[in-house]
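Student: I have a model open and want to learn how to read it. Can we go through some features one by one?

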Amino acid sequence: MHVGLCLSDLHPLLYGDGSTSRTAAAVHFGGHYRLIDFTLSNMDNSGIHNVAMVLGSQYQSLINHIGAGRAWDLARSSGGITFFPPYPAGERPFHDIRDEPLQRALVYVERARSNHVLVTDCSSAYNLDFRLPLQQHEASGADVTALYVRQQPLDIDRPHTVAYQLGEEGAITGISANPTIGEEQNISMGAFIVRKDALLRLLANEGSCDVIRFSCSVLAGALKALKVRSWLYEGYYARVSSLETFFHYNMDMLDPRKREPLFNSGGRRINTGVRNSLPTKYGSEAKVRNSIVSNGCLIEGTVENCVIFRDVQVKPGAVVRNSILQRNTLVGSGAELNWIVTDHDVIISAERNLLGHRNHPVYIGIGKVV
C-alpha cells in the first residue's frame, strides 16, 4: 500500500454560533498540533508517501500549514502530497463530474503503482502503523477493510458517529449512523483500506464524498457485492466534529494516560510544521497547574487545567481555569476565565469575568475583543 486518499472534511467545522468556520483538518489540537498532523504522521510512519488530498471549503490555512509536506517526508520530486481543491465559483472549465476534486484525485490514485489505497478522513487523532491492518486485509482477500474502535459513543458526537454491525470473521454486515448512547459500539474510525479497482468502482459516479457518506451510503450499498471486513484498533482515538468535541478531546490531553499513548505509541512520532518561537516565559507571580503550555507564551497570572497554544499572554492577576486559549490570545490583568474557548488573536480586556460550563464552553471567535 503506497498511496493514501485523504478526504479533508468537505463541510466546514462550525464553532459556537457558526460565525466562524474552518476545515476540520486544520483544527488545532493538544496545544501544538493540528488534526491533519495525525493523518499525515500515521501515513509517514506506515511508509505511505504518495498522498492525494481532496479539499473542500475554507482550505487555505490547511495548505499554509502543510506547505510542501517536509515535516512528514512528503517533499519529494516523485510522489509526495498533491492537493485537489474545488474550482472557484464560475471558473469550472467543463461543468461535469470529472471537474470535481474527488474525481481528479481518483485519476491520481488510478495511476499510482499500488493495489491498495488507504482512504481516510482528516478530523481524527490517533497513532497507528497502517501496515498492521494491511496484513490482515491482504491475508483475508477482502475488498475493503474498515478500521474501528470499541467504545461508547459520545452524546455530543452522535450525529457524526457511524457504527458497524459485525458478523463471522469480522465481516461487516450493517452500517448505521446515530448509534445508541450508553452502550459500547463498533465505532468507525473513518479509515479504510480498499482494493484500488474496488475503490474506483465505488466512487466512479460520486461528485463529492466525506467519510460519513462513504460509510453510510457508498459502502453500505455495496456490502452484498463486496467482501468487507473490519479491523479493531485498541489505542486512543478522538474525532473532532464540533466545538463540544474539540473541547472534550483537547482537555483529554491533560490526562497522561491518554496523552502518552497518543503521542508516543511504539516509538511513532506525531510531527507538525515547524513554527520557531521563543521559549515560554513565566513571571515571578505565575501559577501553573495541570496544563499544557506551548512555546512563545508569556504567563504572569494563574493557569489551571488549561490547554494553551503558542504566543498566548496571561497578564498579572488574571486567572484562567478549565479553558482552551488558541494562539495569540491575550488575557488582560485581573480577568477571570472558566470553561472558555478562544480562537486565535482574541483579546480579553482587563477585569473581565467570563464563565461557561463543562458541557457548554463559551466560544470567543477569531479576532474578537471582549
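Student: What follows helix α1, and what is the sign of its phi?

Tutor: Helices are DSSP runs of H or I with at least four residues, strands are E runs of at least two, and both are numbered from the N terminus. Here α1 is followed by G47. The phi of G47 is positive, near 80°. Bear in mind that this is a predicted model: local features need pLDDT of at least 70, side-chain atom pairs count only at pLDDT 80 or more, and totals for chains, interfaces and linings use all residues. Residues are numbered from 1 along each chain as its sequence is written, and side-chain values use heavy atoms, with hydrogens and water left out.

Student: Is helix α1 mostly covered or mostly open?

Tutor: Buried means under 20% relative accessible area, exposed means over 50%, and partly exposed is in between (1.4 Å probe, protein chains only). Helix α1 spans residues 35-45 and is mostly covered. Of its 11 residues, 11 are buried. Among them are L35, F38 and M43, but also D37 and D44.

Student: Why does S230 count as buried?

Tutor: S230 counts as buried because its relative accessibility is 7%. S230 lies in strand β14, residues 228-232.

Student: What does the side chain of S230 reach?

Tutor: A polar contact is a pair of N or O atoms within 3.5 Å; within protein, one must be able to donate a hydrogen and the other to accept it, and residues adjacent in sequence count only if both atoms are side-chain atoms. The S230 side chain reaches the backbone oxygen of G170 at 2.7 Å. Contact more broadly means heavy atoms within 4.5 Å. Leaving out residues up to four places away in sequence, S230 touches Q136, T145, A146, Y148, L166, G170 and I172.

Student: In what order do the strands of the open sheet run?

Tutor: Two strands pair if DSSP finds at least two bridges between them. Five strands form this open sheet, ordered β18-β21-β24-β27-β30, with parallel pairing. The edge strands, β18 (292-293) and β30 (362-364), each pair on one side only.

Student: How many bridges join β27 and β30?

Tutor: Three, in the parallel sense; β27 covers residues 340-342. T342 has I364 of β30 as its bridge partner.
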